[in-house]
Amino acid sequence: MMKPTVIVVHRITSSGTVNGSLCTGGFPEGCVLVVMPAEGSSRRASDPRGDSRTTCSPAVGSPRWRKACASPRSPAGTRFDEASGMSNADTVAMLAACASRGPRYTSYPPATEFTRLDSEHVTRELAQVAARGESVSLYVHVPFCKSLCWYCGCNVIVTRNPQAGTAYVDQVAAEMKMLGEAIGTAPVTEIALGGGSPNFLSPRSLRALFAALERNFSITTDARRSIELDPRTTTTPQIETLGAAGFRSLSMGVQDFSADVQDAIHRHQTKQQTRWLVDVSRAAGFDDINVDIVYGLPLQTELSFGKTLDAVIELSPDRIALFGYAHLPSKLPHQRLVERAGPVLDTRERATLLVLAIERLTGAGYLHLGLDHFAKPGSRLARAAADRRMVRTFQGYAEHKADAILGVGVSAISSTPRMHWQSHSELGAWEDAVESGRLPVARGIALDADDQARRAVIGRLMCDGEVDLGQISAAHGIDAPAYFARELATISGLGDLASYDAATRVVRATPSGRLLVRNLCMVFDRYYQVPSRAPDAQPRFSPTI
Ligand code: SF4
């Protein structure tokens, strides 16, 4: 018997107003389902966020936080224990006690701090990029998906109309023309396609998109090209098109292979489909494959998640991104559908699956590079981590970053050394701007000197688990140990999680602290506010584990 299709249409304005409806029944012919997360929440395809059952925690470093984090310790015994100095059970208890909610620090200041910004500001900033000849990483957002995964936290437009992709590429080309004229001959060293599902575009539309890129930008001959692909809907001609266009990196979502969990999140994807995409893309020349998995979903157990981990290891991807599910139904009403199958996991259950995954993946030979990323020894990302070249971008951890990231398409986020901004998240507003010859800028923030110094500190902590304040002093013209004296006093009080060595001027997270590195970064985040503990307060951020 056919299951009824559930359609959710909602929109969240920048002021947080939700206009929503939820209907069940057939999928009407030509129906376009629009999911628009709050402004500022554009993310990669498999980056769900949240946990409604996680309680608010006290401020990092406060007496109440330190008391909660001071858990009894048992002798270490396993591989992970050896690094952390704690048993797995103690680690789970510590993580559950210390975790709170906070930014993912894919940018600093976080996108939640963006405010209304005129396109003239961005035009002037792009002129700076051109004048300085700064290198550019181009990100093209393709918002379309053929069906909605109920956990989805991305800016997505659900439609089965292929014409939507064709028309979108024409408008993206128009936006590229404006951007290209603004940055002149600034070298483009990276191209990334994300969504949504970039493979919503036909091979013909993909070729039209690539032609527009070549027409409008000075792309270096060795520019790295990457793409997010959905194994359920990608075709061989698309892979051949991408391979011929020089794409070598790809990221695909798996989330969980358990049939029950897949029912719960309305994402049905077999191991065979996934294996097929790995094999066919390797044959087409892809040498860097990432698989996303998610913990914290309803019905996940240690046994079921362990099987998913084993299946992913069998696929032998170069990289694995392990995300904690962010359940934020107050911002994303469609996520309530996930709750039909059962409650999302609580903090302790999440911590249990996180530690299980670290054990299983490192046991299989993967290196744990940072917060939520694992890579094979010798892979591009592992080499970058070893050389301290890994960076944190809107797409998570990456090998290296150009001076500026310029986003193209609806809801795309851009970042230069001096400014962040985001395009309109509503397709209509984005189209109107592009059609009238204006850059489709909605919001953003100009970084002052303090932002730039804190951004550097947080970036190194997120990527390396440590930061050399001597280097920060030299790069930003400040006496960093004095400038951050208050923050260092807090760090010094964190004992088991981080330390500051005044002789070497290095702040360093412990192995346990690296799992809570977002909490450590909050110490240096001047915008961070301790979440309200009011019973009806809605979370702004995802759990830190
Ligand atoms: S494939 Fe699913 S999770 Fe990914 S963007 Fe589309 S709806 Fe969201």
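**Entry 1: strand S13 and its neighbours**

I began with strand S12 (residues 288-295) and found that 6 bridges join it to S13, the two strands running parallel. The model I am reading is a predicted one. Within this pairing I looked up Asp 292, whose bridge partner in S13 is Ala 321. I then followed the chain between the two strands and noted that S12, H10 and S13 make a right-handed β-α-β unit.

On the question of cover, I recorded that strand S13 (residues 319-324) is mostly covered, with 6 of its 6 residues buried. I checked the two sides separately: Arg 319, Ala 321 and Phe 323 are buried on one side, and Ile 320, Leu 322 and Gly 324 are buried on the other. In general, the side chains of a regular strand alternate between the two faces of the sheet. I also looked for a further partner of S13 and found strand S15 (residues 373-375), joined to S13 by 3 bridges in an antiparallel arrangement, with Arg 319 standing opposite Ala 375.

**Entry 2: helix H10 against helix H11**

From the β-α-β unit I moved to its helix, and I noted that H10 (residues 302-315) packs with H11 (residues 347-363) at an angle of about 35 degrees, their axes being 10 Å apart. The crossing of H10 past H11 is right-handed. On the H10 side I listed Glu 302, Phe 305, Gly 306 and Leu 309, which meet Thr 352, Leu 353, Leu 356, Ala 357, Arg 360 and Leu 361 of H11. By class, the residues of this contact divide into 6 nonpolar, 2 polar and 2 charged. The spacing along each helix reminded me of a general point: an α-helix has 3.6 residues a turn, so residues three or four places apart point the same way.

**Entry 3: strand S20 between S19 and S21**

I next took strand S20 (residues 419-423), which is mostly covered, since 5 of its 5 residues are buried. Both faces are covered, with Met 419, Trp 421 and Ser 423 buried on one side and His 420 and Gln 422 buried on the other. S19 (residues 413-415) is joined to S20 by 3 bridges and runs antiparallel to it, and the two form a hairpin with 3 residues between them. S20 also pairs with strand S21 (residues 441-446), again in the antiparallel sense, over 5 bridges. I used Trp 421 as a reference point for both pairings, as it is the bridge partner of Ser 414 and stands opposite Gly 444 in S21.

**Entry 4: the open sheet and helix H15**

Further along I looked up an open sheet of 3 strands in the order S22-S24-S23, with antiparallel pairing. Its edge strands are S22 (466-468) and S23 (498-501), each of which pairs on one side only, and the twist averages 10 degrees from one strand to the next. S22 and S24 (residues 506-509) pair over 3 bridges, and Glu 466 stands opposite Arg 508 in S24. Helix H15 (residues 469-476) lies across S22 and S24, running at about 50 degrees to S22.

**Entry 5: helix H19 and the whole chain**

I closed with helix H19 (residues 517-524), where 8 of the 8 residues are buried, so the helix is largely enclosed by the rest of the structure. Among the buried residues I noted Arg 518 and Asn 519 as well as Leu 520 and Phe 524.

For the chain as a whole I recorded 19 helices and 25 strands, with buried residues making up 53% of the 545 residues.

Methods: Residues are numbered from 1 along each chain as its sequence is written. This is a predicted model: local features need pLDDT of at least 70, side-chain atom pairs count only at pLDDT 80 or more; totals for chains, interfaces and linings use all residues. Axes are lines fitted to C-alpha atoms, for helices over the stretch in contact, and angles run from 0 to 180 degrees between N-to-C directions. Helices (H or I, at least four residues) and strands (E, at least two) are DSSP runs, numbered from the N terminus. A crossing is left-handed if the near helix is turned anticlockwise from the far one by less than a right angle, and right-handed if clockwise. Two residues are in contact if their C-beta atoms, placed from the backbone, lie within 7 Å. Ala, Val, Leu, Ile, Met, Phe, Trp, Tyr, Cys and Pro count as nonpolar, Asp, Glu, Lys and Arg as charged, and the others, Gly among them, as polar. A residue is buried if 20 or more other C-beta atoms lie within 10 Å of its own, exposed if 12 or fewer, and partly exposed in between; C-beta atoms are placed from the backbone. Two strands pair if DSSP finds at least two bridges between them. A crossover is right-handed if, with the strands pointing away from the viewer, the path from the first strand over the helix to the second runs clockwise.
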